[in-house]
Amino acid sequence: MAQEKASHVFYQVAFLIVFLALASSGSGVGVNWGTMATHQLPPNKVVKMLQENGFDKLKLFDADEWIMAALLGTDIEVMLAIPNNMLEDMSKNPKAADSWVYENVTSYLYPGGLNIKYIAVGNEPFLKEYNGTYLQSTLPALMNIQTSLNKAGLGSKIKATVPFNADVYYSPDSNQVPSAGDFRPEVKDLTIEIIQFLYSNNAPFTVNIYPFLSLYGNDHFPFDFAFFDGSNKVLIDGNSVYTNVFDANLDTLYWALEKTGYPDMHVIVGEVGWPTDGDKNANVQNAKRFNMGLLKHALSGNGTPKRKGIIDIYLFSLIDEDAKSIAPGNFERHWGIFEFDGKPKYELDLRGLEEDKGLVPVEGVKYMEKQWCILDPDATELHYLAESIDYACSLSDCTALGYGSSCNGLTLQGNASYAFNMYYQVHNQRDWDCDFSGLAILTDENPSEKGCQFPVMISHGSTLLLHQHEGLSDILMKAFCVYIFLVFLL
């Protein structure tokens with residue numbers, strides 16, 4: 001009996017040790033929160049949703065004071081960011097780096113403050129499409145930010161990193177296997193210098209990986225190889241067998257790092273996900289399939305053929321962003337796990353157990369009036385119709401109308417109504433924005449069709465004005481609590 005009790009206690013202790021090890025290693029699920037939207041949800045409501053769903057890591061693309069105010073007092077581990085347009089100043093002016101660290105990091109580190117873990121210096125600065133714009137400023141900016149963190153006494157706890165696009169490494173056309181991986185020749189030397197600096201500061205290498213892009217525009221790519229449950233395609237590389245492109249991509253990086261002399265470099269996957277609209281392969285079914293498989297795979301501890309262990313990932317992304325550039329493709333505005341109004345698009349088990357576990361939505365969202373702007377069914381003078389549609393789409397979001405997208409099957413009249421309504425909603429339902437040379441009228445009957453939603457936008461006031469007021473209130477209230485805490489100590 002005593003032996004059984006001792007055995008039971010042993011297993012309890014072992015479980016606790018494993019649990020604490022996983023917790024301390026930051027093995028939970030992270031997510032990217034982008035804010036390039038015409039109507040943003042109140043940050044305090046989004047943070048509440050993050051907590052209720054169990055997201056414990058958050059990656060931002062700047063240091064938004066209202067989001068940071070909403071995060072005060074939570075345990076969510078935060079990666080702040082310095083945008084690319086600030087890299088040059090940070091690289092040339094150490095005092096600018098000191099000031100940024102003081103204002104956005106040091107000032108938030110107090111009891112009940114922010115749990116800041118990383119600073120992302122730039123975002124994919126070596127991307128081919130940038131034509132070398134940030135090549136010379138990235139490393140100096142990284143060094144200045146880390147130096148500022150060190151001077152503030154924070155260097156052992158908070159690390160600066162650089163989120164790279166996966167195009168920074170490659171396998172040659174003559175041998176397209178992970179073990180042939182190396183860094184792109186034109187940026188190799190600079191990349192290695194950054195790796196050396198990161199490694200010397202015990203900071204991670206961060207990379208963004210998008211299996212969706214392997215399918216996008218390439219009808220010859222094996223479809224199932226983009227997912228984690230496919231079986232019709234494998235890639236053989238020596239003794240390693242690859243059943244999905246994510247592992248093959250990540251191992252290409254691991255091989256490149258090993259050849260550079262850093263086989264044990266800690267790697268974070270800073271962005272990985274699947275869009276739900278804007279392309280024939282971008283839909284809810286594929287997104288759920290990919291993210292479900294990704295979470296199971298990343299959290300299982302099986303790792304990749306080259307490196308075992310839990311894979312540190314940040315899902316991309318949290319909420320749709322209807323103001324993002326669509327230069328890469330219409331799908332860019334549809335990466336969110338949640339709709340623009342905070343409603344989950346599909347069930348997703350963040351524990352990686354592949355159960356159909358419903359996500360908690362953002363609660364208390366306020367909408368504009370339930371009315372839509374559509375093409376007048378009695379309109380006969382249609383000379384300006386095409387011009388009006390183009391105008392409406394140029395100043396709103398019509399990506400759902402594209403080939404293979406959710407509203408691709410609408411008639412010409414339906415296309416016009418969709419375009420008119422998007423313009424009307426984005427511009428806050430102003431009466432004069434539903435005219436279009438007399439072609440449009442208002443209706444209180446929802447014109448949505450199966451699979452094609454005509455949205456009613458969230459209330460502008462509830463996002464910009466209200467959340468600013470709430471953010472300021474949070475700051476004042478929490479600052480007051482800190483004051484009381486300090487008085488008590490004295």
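C407 and C452 are both buried in this predicted model, and the two of them form a disulfide with their sulfur atoms 2.0 Å apart. That link is one of three disulfides in the structure. The rest of this briefing walks through the other disulfides, a helix with a buried face, a buried asparagine, and the spaces inside and on the protein.

**The chain as a whole**

- Let's set the scene: the chain has 490 residues, and 51% of them count as buried.
- Its secondary structure comes to 14 helices and 15 strands.
- If you take the contacts between residues at least 6 apart in sequence, 71% of them join residues at least 24 apart.

**The link of C407 and C452**

- The torsion about the S-S bond here is 100°, and the link of C407 and C452 is right-handed.
- C407 sits in the loop between α11 (385-394) and α12, while C452 sits in the loop between β15 and α13 (460-463), so this pair ties together parts that are 45 residues apart in sequence.

**The link of C373 and C434**

- C373 and C434 make another disulfide, with 2.1 Å between their sulfur atoms.
- Its S-S torsion is about 95°, so this disulfide is right-handed.
- C373 belongs to strand β14 (residues 372-375) and C434 to the loop between α12 (412-426) and β15 (440-443), so the bond ties together parts that are 61 residues apart in sequence.
- How accessible is C373, the cysteine that lies at one end of this bond? C373 has 0% relative accessibility, so it counts as buried.
- At the other end, C434 has a relative accessible area of 9%, which means that C434 is buried.

**The link of C393 and C398**

- C393 is joined to C398 by a disulfide, and the S to S distance is 2.2 Å.
- The torsion about this S-S bond is about -85°, so the disulfide is left-handed.
- Is C393 buried or partly exposed? With a relative accessible area of 23%, C393 is partly exposed.
- Its partner C398 has a relative accessible area of 13%, so C398 is buried.

**How the cysteines pair up**

- Count the bonded cysteines along the chain and the disulfides follow the pattern 1-5, 2-3, 4-6.

**Helix α2 and its buried face**

- Helix α2 covers residues 43-53, and its buried residues are P43, V46, V47, M49, L50 and N53.
- Look down the axis of α2 and those buried residues fall within an arc of 155°, so they line one face of the helix.
- What follows α2? The next residue after the helix is G54, which has a positive phi, near 90°.

**N291, a buried asparagine**

- You'll find N291 in helix α10 (residues 284-300).
- N291 has a relative accessible area of 2%, so it is buried.
- Leaving aside residues up to four places away in sequence, N291 touches G273, W274, L315, Y346 and L348.

**Cavities**

- How many cavities of 30 Å³ or more does the whole structure hold? A search finds three.
- The largest cavity contains about 100 Å³ of space.
- Its lining is made up of W33, G34, T35, A37, H39, Q40, L41, I319, D320, E321 and F340.
- Sorted by class, the lining of the largest cavity has five nonpolar, four polar and two charged residues.

**The second largest pocket**

- This pocket, the second largest, has a volume of about 990 Å³.
- It is lined by 42 residues, and those that lie nearest its centre are D320, E339, F340, Q453 and P455.
- Two residues are worth spotting twice: D320 and F340 appear in the lining of the largest cavity, and D320 and F340 also appear in the group nearest the centre of the second largest pocket.
- Which helices each supply at least two residues of this pocket's lining? Both α10 and α12 do, and α10 is the helix in which N291 lies.
- By class, the lining of the second largest pocket comes to 16 nonpolar, 13 polar and 13 charged residues.

Conventions:
Residues are numbered from 1 along each chain as its sequence is written. This is a predicted model: local features need pLDDT of at least 70, side-chain atom pairs count only at pLDDT 80 or more; totals for chains, interfaces and linings use all residues. Side-chain values use heavy atoms; hydrogens and water are left out. A disulfide is a pair of cysteine sulfur atoms within 2.5 Å. Helices (H or I, at least four residues) and strands (E, at least two) are DSSP runs, numbered from the N terminus. Buried means under 20% relative accessible area, exposed over 50%, partly exposed in between (1.4 Å probe, protein chains only). The arc is that of the directions from the helix axis to the C-beta atoms. Contact means heavy atoms within 4.5 Å. On a 1 Å grid over the protein atoms alone, a cavity is a set of points where a 1.4 Å probe fits but cannot get out, and a pocket is an open set with protein on both sides within 12 Å along at least five of seven lines; lining residues have an atom within 4 Å of a point. Grid points are joined across faces, edges and corners, and a volume is the space filled by probe spheres set on the points. Ala, Val, Leu, Ile, Met, Phe, Trp, Tyr, Cys and Pro count as nonpolar, Asp, Glu, Lys and Arg as charged, and the others, Gly among them, as polar.
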